[in-house]
Amino acid sequence: MKKMSRAFLSAVLTVALLLSLAACSNADNHSSTVSSESVSTAETSSEASSTVSDASESKPIGIITAMSNELAMLLEKAEISETKTIGGVDYNIGTLEGQDVVLVQGGIGKSMAAAGTTVLINEFDVKSIIFTGIAGGVGDEVQVLDEVIATDLVFHDYGNQTNDGFVWDAAAGVNEDGTIPVDEELSKKAYEAAVSVLGEDHVFQGRIATGDQFVASAEYVTYLQEEFDAIACEMEGAAVARIAAQYEVPCCVIRAMSDKADGAAHDTYENFGDTAADNSASIVLAMLQSM
Ligand code: ADE
């Protein structure tokens, strides 16, 4: 009996040893399976990275305006394949002058401009943003229907109300002096396009001052010149540029002067607003052709 159980025990041990050897060899097989899977994953990810760069080539350009007359000509010339409404705002997806674009009338003022810009970036993954529209001429040399391409922008209405009146604050900007940058290359293309449409004498590059105010005051124009060295004022540009800078998306701001932001501004704006809006849109078309 004892002999029998020893033989039985040794048989059990032998089987156990064989089983564990088999398990090891299975584990080796499994590890080779895993590594061949990781090779194929690596191949897939290198394919994916080339797909990503191809995809960035085909990302659309976001074009944003405040008002319908500023977008009208672009919408007319574009081939729109789809319109998505987000937050009550229509985003028109299509092509314009051979470029993939998303066209949006974001709405008037800084908050709508910032919201529209954020949607263009987050929902439509735009590769760059062009703002086009009208503005009040602030620089003495800038006349009605001239064009201003922003070199940078500033929020002229951000600051503190004190017992001594309004005191501007630089904190809402990107740079220490409160300015907000634009993309140099895109702005250069905008300048060249503007010169090709209007001629050099009618195109200016300089600072644009943005605030939630329609400026119709010669006194305030002097303030914008002296405090900010601004050559145009409007109500959206700095908000678009501020959000674009935050997301590191290249942007430019193109504005045609509908008025001189002085006491006569409301009348001048009524007379020249639509023509100015079309001029600016024509410059965007020329810009897209050159890209
Ligand atoms: N857009 C066109 N003209 C303007 C002005 N005078 N002030 C602010 N925004 C404007």
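Which helix gives the most to the lining of the second largest pocket? The tour of this predicted model arrives at that point after the strands and helix α5 have been visited.

**Strands β2, β3 and β4**

Begin by selecting β3, residues 89–96. Of its 8 residues, 6 are buried, so the strand is largely enclosed by the rest of the structure.

Add β2, residues 79–86, which runs antiparallel to β3 and is joined to it by 7 bridges. To find one bridge, display I86, whose partner in β3 is V89. The hairpin of these two strands has 2 residues between them, and G87 adopts a positive phi near 60° there.

Next, show β4, residues 99–105, which pairs with β3 in the antiparallel sense over 6 bridges. Here I93 stands opposite V102 of β4. The hairpin of β3 and β4 likewise has 2 residues between the strands, and in this hairpin E97 takes a positive phi near 50°.

**Helix α5**

Move to α5, residues 218–228, and colour V221, L224 and F228, which are buried. Viewed down the helix axis, the buried residues of α5 fall within an arc of 75°, so they line one face of the helix. Rotate to the face turned away from that buried side to see the exposed residues E219 and E226.

To see what covers the buried residues, select the strands β6 (147–155), β8 (165–168), β10 (203–210) and β11 (230–234), which are included in that cover. Then select D229, which follows α5 and has a positive phi near 60°.

**The largest pocket**

The largest pocket has a volume of about 250 Å³. Among the 18 residues that line this pocket, I134, F214, E234, M235 and Y269 lie nearest its centre. The elements that contribute two or more residues to the lining are β5 (128–137), β11 and β12 (251–259). By residue class, the lining of the largest pocket comprises 10 nonpolar, 3 polar and 5 charged residues.

**The second largest pocket**

Finally, select K127, S128, D183, E185, L186, K189, P250 and M291, which line the second largest pocket. The volume of this pocket is about 160 Å³. Its lining divides into 3 nonpolar, 1 polar and 4 charged residues.

The opening question is answered here: helix α4, residues 184–198, gives the most to the lining of the second largest pocket, with 3 residues.

Methods:
Residues numbered from 1 in each chain as written. Predicted model: local features only at pLDDT ≥ 70, side-chain atom pairs only at ≥ 80, totals over all residues. Heavy atoms only, no water. Buried < 20%, exposed > 50% of the residue type's maximum accessible area, 1.4 Å probe, protein only. Helix = DSSP H or I, 4+ residues; strand = E, 2+ residues; numbered from the N terminus. Arc of directions from axis to C-beta. Contact = heavy atoms within 4.5 Å. 1 Å grid on protein atoms, 1.4 Å probe; cavity = no way out; pocket = protein on both sides within 12 Å on 5 of 7 lines; lining within 4 Å. Points joined across faces, edges and corners; volume = space filled by probe spheres on them. Nonpolar A, V, L, I, M, F, W, Y, C, P; charged D, E, K, R; others polar. Pairing = 2+ DSSP bridges.
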